[in-house]
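Here's a quick look at two bound ligands and the residues that hold on to them. Have the structure open while you read.

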Amino acid sequence: MGNFVGYQCSVCGKTFDRDYKGYTCDSCGGNLNVILDYEKIKQTVTPEKIFSSSEKSLWRYLPLLPVEDPGFEGTALHSAGFTPVYKSDKLAQKIGVGKLWIKDEGRNPTASFKDRASSILIARAKEIGAETICTASTGNAGAALAGMAAASQWKAIIFAPKTAPQAKIAQLLVFGAQVILVDGNYDSAFDLSVEACEKYGWYCRNTGYNAFTAEGKKTAAFEIWEQVLSKNASDKPLNIFVSVGDGNIISGIHKGFKDLHELGWLPVMPRIFGVQSEKSAAIFNAWAAHTETITPVSATTIADSISVDLPRDGVRAVRAATETNGAYIAIPDEAIYEGISELGKVGVFAEPAGATAFAGMKKAVAMGIIGQEDDALVVNTGSGLKDVRSAMIAAGQAPVIAPTMEALEAFINKK
Ligand SMILES: *Cc1c(COP(=O)(O)O)cnc(C)c1O
Ligand SMILES: [Zn+2]
């Protein structure tokens, strides 16, 4: 925890030293920001030194993290992050933006963005001597924690809604976590897990509750800085699109860019755009009403990873857009299926929540918020293999024919 100084409440500003045992602010309940010693970081590391690291995971940014390297080299835990960024000129042209990049978080060890948070959380658990880590999850956070726990032989307990996609539940079980499916939604799993952690003394990883998840997720911002910004100098801000449920990914990405800004390593702050389904739009609603007060909704979107009634990181999520001159965009669920199909055609297999960000980018172009002269980056937060049912709805069915040339010819002639 070398560069970790303490916490500051994102709502009331109260500060806490690094030995503080709570998860959120004990005065107002706000989410805590992790404070780093930027002067010390500046003295010990430079961007060049980071860029020349041979570590091909998020651990290449260790000097900017509030944890020590937990070890476990050569395991899934030590290979989270440093996901590829693809450039698609064809798609950029079709949609009407300048350059277009897609960062594929489906390439993480358990196939979603959540691996970033979970690997950092295991490191933190090791430092504070927490034997059991517990999380509530719509599926991916649990799969990530279960996978990282398996890689490090840690003990993980996962609460998820019983309606989570089968592939995600299969991951939880295969990784050998203690899985408890809740006959309710994500929000009810969240509340139950917090109570259980208090009662049994488990370390709680919950998204938008434990301050360290955003510290893991911020590493995606470091990668965008290294992989895209450092190689494509521009006076204009990059427009980054990310889907939003609890609001922790977008807050984490914002934190990462703020760290870089604080260090004087970021020439132009990107604009950050949050995308939600119209059917799970609590943070969009707050942003549109110019308030930081988050009013719960009754979420019904098919994008299960962002189906959240009461977002747990809403205040910081609103700020990620307002403080970077970004915006929130709400899209209908039909646009998500279209997004899966369009991303697929450039070789990216997205789960619904990942395609949501892409659909939001398209809508931003249609609304005139960005255009030809603006560069954009879409974060695909999870692999399409996570939710094959939605993929099949997006893609349609393949024809079935008899295994004969006659049948094939009849089929070809019919087309
Ligand atoms: C968790 C998740 C999100 C949303 O992240 P929040 O921090 O809840 O806003 C988006 N996409 C995928 C695939 C996820 O697993
Ligand atoms: Zn507070």
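## The zinc site

In this predicted model, four cysteine sulfurs coordinate the zinc ion (ligand 2): the SG atoms of C9, C12, C25 and C28, at 2.2 to 2.4 Å. If you scan the sequence for these donors, you'll find them spaced C-x2-C-x12-C-x2-C.

What about the geometry? The four donor atoms around the zinc ion (ligand 2) subtend angles of 98 to 118 degrees, so the arrangement counts as tetrahedral; the cut-off is that all angles lie between 85 and 135 degrees.

## How covered are the cysteines?

Are C25 and C28 buried or exposed? C25 has 4% relative accessibility, so it's buried, given that buried means under 20%. C28, on the other hand, has a relative accessible area of 39%, which means it's partly exposed.

## Around ligand 1

Now over to the other ligand. There are 16 residues around ligand 1, and the ones that come nearest are K114, G245, D246, G247 and T381.

Some of the polar contacts are easy to pick out. On the oxygen side, a polar side-chain atom of N140 lies 2.8 Å from an oxygen atom of ligand 1, and a backbone N or O atom of G245 lies 2.7 Å from an oxygen atom of the ligand. T381 deals with a nitrogen instead: an N or O atom in the T381 side chain is 2.7 Å from a nitrogen atom of ligand 1.

How much of ligand 1 does the protein cover? On its own the ligand has 380 Å² of accessible area, and the protein covers 98% of that. As for where ligand 1 sits, it's in the largest cavity.

Methods
Residues numbered from 1 in each chain as written. Chains lettered and ligands numbered in written order. Predicted model: local features only at pLDDT ≥ 70, side-chain atom pairs only at ≥ 80, totals over all residues. Heavy atoms only, no water. Donors = N, O, S within 2.8 Å, 3.2 Å for Na, K, Ca; no water. Tetrahedral: all angles 85-135°; square planar, octahedral: opposite > 155°, others 65-115°. Buried < 20%, exposed > 50% of the residue type's maximum accessible area, 1.4 Å probe, protein only. Near = heavy atom within 4 Å. Polar contact = N/O pair within 3.5 Å; in protein donor to acceptor, adjacent residues only side chain to side chain. Areas by Shrake-Rupley, 256 points an atom, 1.4 Å probe, with all protein chains shown as cover. 1 Å grid on protein atoms, 1.4 Å probe; cavity = no way out; pocket = protein on both sides within 12 Å on 5 of 7 lines; lining within 4 Å. Sits in = over half its atoms within 2 Å of the grid points.
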